[in-house]
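Open the model in your viewer and show it as a cartoon. The tour below gives one selection at a time and says what is there.

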Amino acid sequence: MSSSEEFQEILNGDKNSSRFKAASILQGIAQALGEHDFVKISSAQISGVSVYNLGPEGVSYLKDFAVGTKVRVKTTLNPGAFDIENPPNHIPESEVASQKEINAIYGSMGVSLTLTCSPYLSGNLPLYQEHLAWSESSAVTFANSVCGARTNRESGMSALCSAVCGFTVSGGLHMDENRQPGVTIRLSDEIDDPLYYGLLGVYAGRNFPGLIPLFDIPSRAGINEMQALSASIITWGGASMFHIFHQTPEWNAYQIPTKQATLTRKDLDDLKRELSDDLGDHQKIITFTGCPHRSAGDSIGLSEGKSSGFITAAPALSGPYSPVIMAGGCVAVSKLKPLVTGIITDSVKAAFYLRNRGYKVKLVFSSEIKNNFCPNGEY
């Protein structure tokens with residue numbers, strides 16, 4: 001029996017079950033996309049957790065959906081707006097209560113409250129060619145590119161439905177033919193900081209929107225560099241997948257694209273300057289690192305003069321730096337103090353979202369943040 005036939009059995013089964021409810025929603029999505037097939041998944045990852053993203057109507061719908069509902073595959077959860085155990089003192093109690101309720105609702109369905117945008121670091125590491133239903137953009141790109149797993153960028157709701165019924169809509173990056181790179185991008189110089197990889201993703205997304213790039217990079221990318229590239233490329237208009245010569249698992253599985261581009265380290269430095277605002281004499285500047293979430297040893301912030309720094313990391317991670325000031329939360333979807341006007345960050349994804357919220361943002365290298373680490377910041 002094929003996966004699509006097994007999926008159809010759910011639709012032919014108990015119409016009062018949560019599996020039927022979830023499968024019916026996925027069937028509607030498939031029809032809208034012009035797809036007819038479904039694949040079994042090994043795991044799901046759900047976004048749409050912040051109280052500021054969901055809102056009262058979203059919380060109400062989630063609560064109704066959760067009645068009698070349990071997930072059937074390993075399912076992890078994106079960050080909320082803040083650490084509910086140690087919420088910032090400028091967050092109203094009503095919003096803290098709402099965030100706690102959201103987390104509890106997901107927990108009642110059997111979702112693991114990892115509260116991280118990097119589930120592959122918190123017990124949800126996909127295997128090569130496994131099918132997934134993940135929704136966090138940077139995690140989707142990392143899973144497809146670095147792990148060689150297969151997932152489209154799901155919505156929080158479609159990922160939850162897939163977790164409940166165990167299937168997702170086929171098509172897209174679940175299919176071999178859609179994982180073919182469309183452009184080769186060659187970098188002529190070595191790069192030695194995750195921010196450079198983030199900037200490389202900006203270049204690819206801006207100049208080749210929707211095309212899967214095949215990068216030719218003389219440097220060897222570590223996990224932090226792969227995370228930075230995964231987060232930036234999709235944020236800035238690119239595809240939710242990339243290949244790197246001799247580094248990613250499918251780099252030689254497809255034809256090398258005839259469309260090509262070459263850039264230098266100086267080009268990336270120029271792009272960094274272009275994307276950085278002049279913070280001037282802002283009275284309240286904060287420093288944000290850990291987007292996407294990294295291990296606590298890598299996610300560190302600075303606090304100096306008028307600046308106050310903080311870090312974000314997934315719960316239960318440990319490292320040589322003990323402060324973890326925003327475990328389970330994310331500044332990009334949180335409420336900052338009213339006086340905050342400027343932000344320093346090593347993440348082009350964070351810069352994109354925070355600038356869209358009206359903040360001035362300055363990009364700095366990750367090494368600069370590490371070299372100025374101060375554990376007593378606040379935001």
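Select strand β6 (residues 183-187) and strand β7 (residues 213-216): the two pair in the parallel sense over 4 bridges. Strands (E, at least two residues) and helices (H or I, at least four) are DSSP runs numbered from the N terminus, and two strands pair if DSSP finds at least two bridges between them. This is a predicted model, in which local features need pLDDT of at least 70, side-chain atom pairs count only at pLDDT 80 or more, and totals for chains, interfaces and linings use all residues. Residues are numbered from 1 along each chain as its sequence is written, and side-chain values use heavy atoms, with hydrogens and water left out.

Next, pick Val-183, which stands opposite Pro-213 in β7. Then add helix α7 (residues 194-207), through which the chain crosses from β6 to β7 in a right-handed β-α-β crossover. Right-handed means that, with the strands pointing away from the viewer, the path from the first strand over the helix to the second runs clockwise.

Now add strand β9 (residues 260-263), parallel to β6 and joined to it by 4 bridges. Ala-261 in β9 is the bridge partner of Ile-185.

Show the surroundings of β6: 4 of its 5 residues are buried, so the strand is largely enclosed by the rest of the structure. Buried means under 20% relative accessible area (1.4 Å probe, protein chains only).

Last, select α8 (223-235), β10 (285-294) and α10 (348-356), which, like α7, each supply at least two residues of the lining of the largest cavity. α8 gives the most, with 5 residues.

Terms used
Buried < 20%, exposed > 50% of the residue type's maximum accessible area, 1.4 Å probe, protein only.
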